[in-house]
Amino acid sequence: MYFLYTIIASLAVFFILKWLKKRRYCTDLRRLDGKTIIITGGNSGIGKETAIALAMRGARVIIACRDPDKAEKAVREIKLKSHSLNVLHMELDLANLSSVREFCKSFLQREKKLDILVNNAGMPGVLEWTDNNFSMCFGVNHLGHFLLTNLLLPRLKECAPSRVITLTCSSYKYQKLDFQDLNYNQLPFFTYCRSKLANIYFSQEVARITEGKGVTSYAVHPGFVQSGWTCHYSILFRMLVQVIMWMFFVPCEIGAQTVIYCAVSDEAAKHSGGYFIDCRPATLRPFARDAAVAKKLWEASERLVNLA
Ligand SMILES: NC(=O)c1ccc[n+]([C@@H]2O[C@H](COP(=O)([O-])OP(=O)(O)OC[C@H]3O[C@@H](n4cnc5c(N)ncnc54)[C@H](OP(=O)(O)O)[C@@H]3O)[C@@H](O)[C@H]2O)c1
């Protein structure tokens, strides 16, 4: 009898987990022949799966990565899985603003086109500092991408219609920005949440300043994904999280679906500045839709990266 109960309970858990992990796939099969796409952090996790999918659709995919060895290995895998030779890597360390400038300079010299920029790279909550003394999360997740996008914006406008897709996280809702302390670096998870909230404001402001210029902007929450982010933590933490990830998180291939959707869909293009989950527009908390805060963050970021 106990045996029967165990089987029934196991089946129930199996189907509940399967239901919890159910996600939508991007059903728009549009090809991207002739398009050039940059994916930051395309050497692992969601970025690599996005690169495979977009290369498969015929795009020229450039993964922008900080470690050339990892990038080279990823390029080989992306080529193999996508059956495309039009994949390459370029060096970019978002924790170093000189590296961001160097990347943009060499990209703009080498490449004529830029149709889609995927701001994917990200650091989870770690209490470290970038080379320019910004907190790692704010510096990499927001400021690095802020500078990158600004320097590439003229090329995106030339190649309109073009798109900027920025990976954020639904955990944005647990924090608000403190303009007295944008460089907040105390509780790791909160540092991460603030950087992901900054990604949302940033994405909205890109949409606002490019309105009518053929560039559209999307903030994407990919779901909770079994990617490589735990590598920044201790083995004990990793082992613990591994079990939770296995039970509740989705594979990277699924995590990439909403990014792919925002890269190809006409429906998404009607919602520039929007927030997307599960291949459809989602609603943000009202404080995350505050255009005045988005503008204020943009101006503060311009000063921090010496752009103005
Ligand atoms: N996984 C989730 O559940 C989840 C949920 C919500 C949102 N997201 C967001 O999704 C995005 C992708 O994350 P993921 O889950 O795929 O994590 P991941 O596997 O850890 O990938 C992160 C990528 O970012 C790169 N990166 C980190 N710091 C960098 C820097 N300074 N310069 C250039 N590249 C850098 C990493 O390069 P290295 O390999 O060299 O470290 C790696 O390629 C992130 O923005 C994350 O915040 C993820």
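# A tour from strand β4 outwards

Select I37 and I116: I116 in β4 is the bridge partner of I37. This is a predicted model, in which local features need pLDDT of at least 70, side-chain atom pairs count only at pLDDT 80 or more, and totals for chains, interfaces and linings use all residues. Residues are numbered from 1 along each chain as its sequence is written, and side-chain values use heavy atoms, with hydrogens and water left out.

**Strand β4 and its partners**

Extend the selection to strand β1 (residues 36-40), which runs parallel to β4 and is joined to it by three bridges. Helices (H or I, at least four residues) and strands (E, at least two) are DSSP runs, numbered from the N terminus; two strands pair if DSSP finds at least two bridges between them.

Next, show the side chains of β4 (residues 116-119). I116 and V118 point one way, L117 and N119 the other, and all are buried. Buried means under 20% relative accessible area, exposed over 50%, and partly exposed in between (1.4 Å probe, protein chains only). In a regular strand the side chains alternate between the two faces of the sheet.

Now add strand β5 (residues 162-167), which pairs with β4 in the parallel sense over four bridges. Here V164 of β5 is the bridge partner of L117. Colour helix α5 (residues 136-158) as well: β4, α5 and β5 make a right-handed β-α-β unit. Right-handed means that, with the strands pointing away from the viewer, the path from the first strand over the helix to the second runs clockwise.

In the loop between α5 and β5, pick P161. The peptide bond joining A160 and P161 is cis, with omega about 0°.

**Helix α2**

Select residues 45-56. The end C-alpha atoms of α2 are 17 Å apart, which agrees with the 16 Å that twelve residues should span at 1.5 Å a residue; the expected span is 1.5 Å times one less than the number of residues. Ten of the twelve residues are buried, so α2 is largely enclosed by the rest of the structure. Among the buried residues are G45, K48, T50 and L54. Just after α2, G58 has a positive phi of about 100°.

**Two cavities**

A search of the whole structure finds two cavities of 30 Å³ or more. On a 1 Å grid over the protein atoms alone, a cavity is a set of points where a 1.4 Å probe fits but cannot get out, and lining residues have an atom within 4 Å of a point. Grid points are joined across faces, edges and corners, and a volume is the space filled by probe spheres set on the points.

For the largest cavity, of about 60 Å³, select S135, F138, L177, D181, L182, Y184, T191, R194 and S195. Helix α6 (residues 188-209) gives the largest share of this lining, three residues.

For the second largest, of about 40 Å³, select R23, R24, H221, P222, G223, I254, G255, Q257, T258 and D278. Helices α8 (252-255) and α9 (257-264) each supply at least two of these lining residues.

**Last stops**

P188 lies in α6. Its 32% relative accessibility makes P188 partly exposed. Measure from P188 to P124, 64 residues apart along the chain, and the C-alpha separation is 7.9 Å.

H83, in the loop between α3 (68-82) and β3 (87-91), has a positive phi near 55°. At 72% relative accessibility, H83 counts as exposed. C279 lies in the loop between β7 (274-277) and β8 (280-282) and has a positive phi of about 60°, although it is not a glycine. At 4% relative accessibility, C279 counts as buried.

Key: 1 Å grid on protein atoms, 1.4 Å probe; cavity = no way out; pocket = protein on both sides within 12 Å on 5 of 7 lines; lining within 4 Å.
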